Amino acid sequence: MTTGQPIEVLLVEDDPGDELITREAFEDNKIRNNLHVVRDGLEALDFVYRRGEYGTAPRPDLILLDLNLPKYDGRQVLERIKGDPELRSIPVVVLTTSSAEEDILRSYELFANAYVSKPVDLDRFMAVIRQIDEFFVTVVRLPGRARAYGGDESV
């Protein structure tokens, strides 16, 4: 069960419209979690490794990751996160427009915790965000946030 404490959610999304819908879903659903947004794969890696402007970023408790990103695509980001012993315990939900079987298979091969195709309909999209939040906050027990994690300077 949830402790009622907000979790840190990292949204990796380059589409401003999808970012806005996600923010609205958090607000409309009264989701109290802290939403952090980065817009490309390099920023995502900088955030999780606390580099540059993200030097004081919190460790994400949950990452919502789009696949089609500039600089480093979501598959590359997923591979780096799940390949790092310090980060691999962070749940990553691939949240993307792709419903291609090869994207689904590859994401799970890279150890995504879930793969969700973004609904086109606004109400359904907002419901999906709510369901992801409810699942990871009230059903799933997330790894403790007290454990410190280091940074990797290479990209």
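A residue is called buried here when its relative accessible area is under 20%, and that cut-off is the one to keep in mind when following strand S1 through this predicted model. Strand S1 comprises residues 8–12, and because five of its five residues are buried, the strand is largely enclosed by the rest of the structure. In a regular strand the side chains alternate between the two faces of the sheet. In S1 both faces are covered, with Glu8, Leu10 and Val12 buried on one side and Val9 and Leu11 buried on the other.

The surroundings of S1 within the sheet can be traced through its pairing. Five bridges join S1 to strand S2, residues 34–38, and the two strands run parallel; within this pairing Val9 stands opposite Leu35 of S2. Strand S3, residues 62–65, is likewise joined to S1 in the parallel sense, here by four bridges, and Ile63 of S3 is the bridge partner of Leu10.

These pairings belong to an open sheet of five strands, arranged in the order S2-S1-S3-S4-S5 with parallel pairing. S2 and strand S5, the latter spanning residues 114–117, are the edge strands, each of which pairs on one side only. From one strand to the next, the twist averages 20 degrees. Towards the S5 edge, strand S4, residues 92–96, pairs with S5 over four bridges, again in the parallel sense, and Val93 stands opposite Ala114 of S5.

The loop that leads from S3 to helix H3, residues 74–83, contains Asp66, a position that UniProt, in an unreviewed entry, lists under "modified residue: 4-aspartylphosphate". Is Asp66 buried or exposed in the model? With a relative accessible area of 6%, which lies under the 20% limit, Asp66 is buried. Apart from residues up to four places away in sequence, Asp66 touches Val12, Glu13, Asp14, Gly74, Leu95, Thr96 and Lys118. Of these contacts, Val12 is one of the buried residues of S1.

Asn68 is found in the loop between S3 and H3 as well, but at 43% relative accessibility Asn68 counts as partly exposed. Beyond its neighbours within four places in sequence, Asn68 is in contact with Asp14, Arg75, Thr96 and Thr97. The C-alpha atoms of Asn68 and Glu13 are separated by 8.6 Å, although the two residues are 55 residues apart along the chain.

Glu13 and Lys118, which are both touched by Asp66, appear again among the contacts of Asp18. Asp18 has its place in helix H1, residues 16–28, and is buried, with a relative accessible area of 14%. When its neighbours within four places in sequence are left aside, Asp18 is in contact with Glu13, Lys118 and Phe125.

The helix H3 that follows the loop also packs against another helix. How do the axes of H2 and H3 cross? The axes of helix H2, residues 41–48, and H3 come within 9 Å and cross at roughly 20 degrees; since angles under 35 degrees count as roughly parallel, H2 and H3 are therefore roughly parallel to each other. Their crossing is right-handed. On the H2 side the contact is made by Gly41, Ala44, Leu45 and Val48, and on the H3 side by Val77, Arg80 and Ile81.

How values were computed
Residues numbered from 1 in each chain as written. Predicted model: local features only at pLDDT ≥ 70, side-chain atom pairs only at ≥ 80, totals over all residues. Heavy atoms only, no water. Buried < 20%, exposed > 50% of the residue type's maximum accessible area, 1.4 Å probe, protein only. Pairing = 2+ DSSP bridges. UniProt positions renumbered as here; feature names shortened; annotations may be inferred. Contact = heavy atoms within 4.5 Å. Axes fitted to C-alpha atoms, helices over the stretch in contact; angles between N-to-C directions. Parallel < 35°, antiparallel > 145°, perpendicular 65-115°, else oblique. Left-handed = near helix turned anticlockwise from the far one by under 90°.
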